[in-house]
There are 2 protein chains.
Amino acid sequence: MHNQMPCVDPGRLESDHVPLAESIRRLIDVSIRTEAGAAEVAAAKARIDSAADELSRALRPGPFGVHRMPDGQTIACGNAVVGVRNPVAPPLVIHHDPDGLVWSEFVLGVAYEGPPGKVHGGVCALVLDHVLGAVAHQPDRPAFTGTLTLRYRRPTPLERPLRAEARIERTEGVKIFAVGHLAAEDGLTVEAEGVFILPRQYRG
Amino acid sequence: MHNQMPCVDPGRLESDHVPLAESIRRLIDVSIRTEAGAAEVAAAKARIDSAADELSRALRPGPFGVHRMPDGQTIACGNAVVGVRNPVAPPLVIHHDPDGLVWSEFVLGVAYEGPPGKVHGGVCALVLDHVLGAVAHQPDRPAFTGTLTLRYRRPTPLERPLRAEARIERTEGVKIFAVGHLAAEDGLTVEAEGVFILPRQYRG
């Protein structure tokens, strides 16, 4: 299933939480790359535990879900790919061109490593699943992922500009066929095809 | 390409960094779920920035890569799926049974959300790419991912026990065909097939 199904729980403005997530993304990056000794690591860990304790005093019991903002827009702040308050998300910003092309440009840092110096092949799949899903999904009409096929052409570099794009190839009844790819500066690295299914209640 | 290609850069013991990554995973979780107000969020952010500054005093310039431990074992500590010092990784522990089955049991928390309350379909792909790759990969003989096909049968629940498994279906020349799936307590959620290719220098 795709990820931006609307929800009527009114969302709080995210202005405080976006900088918090940015700080945690930087923390994730340096925690992987640090060569600090045991004492410095222990001191940093104590500060992190203290911050987590502070944030834990009032917690929603479950996942973030999708919230509807006062302007009616739905936001998936906790989403693993686009969630602005989810430090695990790069986060991708998804653009929808008038001709139907969906694209995103981004850099994946060391937290997304698979083979040494390269983006994990599964992270490429994660990004492409989302971008192809964003093609199939329309506001207030979610689409379920049926199948996703990835063809790995070349390794995808870490810490370099990347672009993912997707478009609808065709529709057949309740099935939407989407195609897309991930590319680095010197060309395409992974191709993707997805078949998305309209849920029963949205069929014409 | 799969992710555990050996590297002769001698790794440091990870005993300090594993608890640090665990603390950051908890911080990620509560930062998504917190309902703290602006003052508490700002205070937590200041502690996090201070911890990141502390860890940044000595940084390796690039990604973590793969390190060979004193006992000869290779470890991919920064890996996005299994890296014990990568807070983005759940991290999965991969088991290899004598009969060739590869499996992992784990829970995916709110940081892996896609549809409300469900694991992001792309995170399912990330996990299955890794587990199928772990079947194709042998020590000191990496395998490149050629294609990966995922069939989404049902949504995968967040915060519930999950199991991923994979095995080699057959080999044809330089191609290894692997199959696997992801399952929740009440049954299979995603099926996967992967074709992995032996790099030229490892062909018989």
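This report describes a predicted model with two copies of a chain, A and B, going from the overall fold to the pairing of the copies and then to single residues.

## The fold of chain A

The secondary structure of chain A consists of three helices and eight strands, and, read from the N terminus, these elements follow one another as α-α-β-β-β-β-α-β-β-β-β. Of the 204 residues in chain A, 54% count as buried. When contacts in chain A are restricted to residues at least 6 apart in sequence, 62% of them join residues at least 24 apart.

## How the two copies are related

In general, two copies of a chain are related by a rotation about an axis and a shift along it. Here chain A is superposed on chain B by a rotation of 180° with 0.0 Å of shift along the axis, and the RMSD is 0.0 Å. The two copies are thus related as by a two-fold rotation axis, and the C-alpha of chain A nearest that axis belongs to T149(A), at 2.1 Å from it. The interface tells a matching story, since 100% of the interface residues of chain A are also interface residues in chain B, so the copies meet through the same surface.

## A helix pair across the two chains

One place where the chains come together involves helix 2 of chain A, which covers residues 38–56, and helix 1 of chain B, which covers residues 17–33; their axes come within 9 Å and cross at roughly 20°. Angles under 35 degrees count as roughly parallel, and helix 2 of chain A and helix 1 of chain B are therefore roughly parallel to each other. The crossing of helix 2 of chain A with helix 1 of chain B is left-handed.

On the side of chain A, the residues of helix 2 that take part in this meeting are V41(A), K45(A), I48(A), D49(A), A51(A), A52(A), D53(A), L55(A) and S56(A), while helix 1 of chain B contributes H17(B), P19(B), L20(B), S23(B), I24(B), R26(B), L27(B), V30(B) and S31(B). Sorted by class, the contact of helix 2 of chain A with helix 1 of chain B has ten nonpolar, four polar and four charged residues.

## Backbone features in the loops

Certain backbone angles in the loops deserve attention, and they are described here for each chain in turn. In chain A, the peptide bond from P90(A) to P91(A) is cis, with omega near -20°, and P91(A) sits in the loop between strand 2 (74–75) and strand 3 (95–96). In chain B, P90(B) and P91(B) are likewise joined by a cis peptide bond, with omega about -20°, and P91(B) is placed in the loop between strand 2 and strand 3 of that chain.

A positive phi appears at E159(A), where the value is near 60° in a residue other than glycine; E159(A) belongs to the loop between strand 5 (144–152) and strand 6 of chain A. E159(B) also has a positive phi, of about 60°, although it is not a glycine, and E159(B) is found in the loop between strand 5 (144–152) and strand 6 (161–172) of chain B. With relative accessibility of 35%, E159(A) counts as partly exposed, and E159(B) is partly exposed as well, with a relative accessible area of 36%.

## Individual residues and their surroundings

Strand 6 of chain A, residues 161–172, holds R170(A), and E165(A) lies in strand 6 of chain A too. R170(A) is partly exposed, its relative accessible area being 36%, and, with residues up to four places away in sequence set aside, R170(A) touches K175(A), I176(A) and F177(A). On the same basis, E165(A) is in contact with L101(A), V102(A), W103(A), V131(A), V179(A), G180(A) and H181(A).

In chain B, V93(B) lies in the loop between strand 2 (74–75) and strand 3 (95–96). V93(B) is exposed, with a relative accessible area of 52%, and, again leaving out residues up to four places away in sequence, V93(B) touches W103(B) and S104(B).

The table sets the C-alpha separation of three residue pairs beside the distance between the partners along the chain.

| Residue pair | Apart along the chain | C-alpha separation |
|---|---|---|
| R170(A) and V195(A) | 25 residues | 9.9 Å |
| V93(B) and G83(B) | ten residues | 9.3 Å |
| E165(A) and E105(A) | 60 residues | 8.8 Å |

Key:
Residues are numbered from 1 along each chain as its sequence is written. Chains are lettered from A and ligands numbered from 1 in the order in which they are written. This is a predicted model: local features need pLDDT of at least 70, side-chain atom pairs count only at pLDDT 80 or more; totals for chains, interfaces and linings use all residues. Side-chain values use heavy atoms; hydrogens and water are left out. Axes are lines fitted to C-alpha atoms, for helices over the stretch in contact, and angles run from 0 to 180 degrees between N-to-C directions. Helices (H or I, at least four residues) and strands (E, at least two) are DSSP runs, numbered from the N terminus. Angles under 35 degrees count as roughly parallel, over 145 as roughly antiparallel, 65 to 115 as roughly perpendicular and the rest as oblique. A crossing is left-handed if the near helix is turned anticlockwise from the far one by less than a right angle, and right-handed if clockwise. Contact means heavy atoms within 4.5 Å. Ala, Val, Leu, Ile, Met, Phe, Trp, Tyr, Cys and Pro count as nonpolar, Asp, Glu, Lys and Arg as charged, and the others, Gly among them, as polar. Copies are superposed by least squares on the C-alpha atoms of residues with pLDDT of at least 70 in both. Buried means under 20% relative accessible area, exposed over 50%, partly exposed in between (1.4 Å probe, protein chains only).
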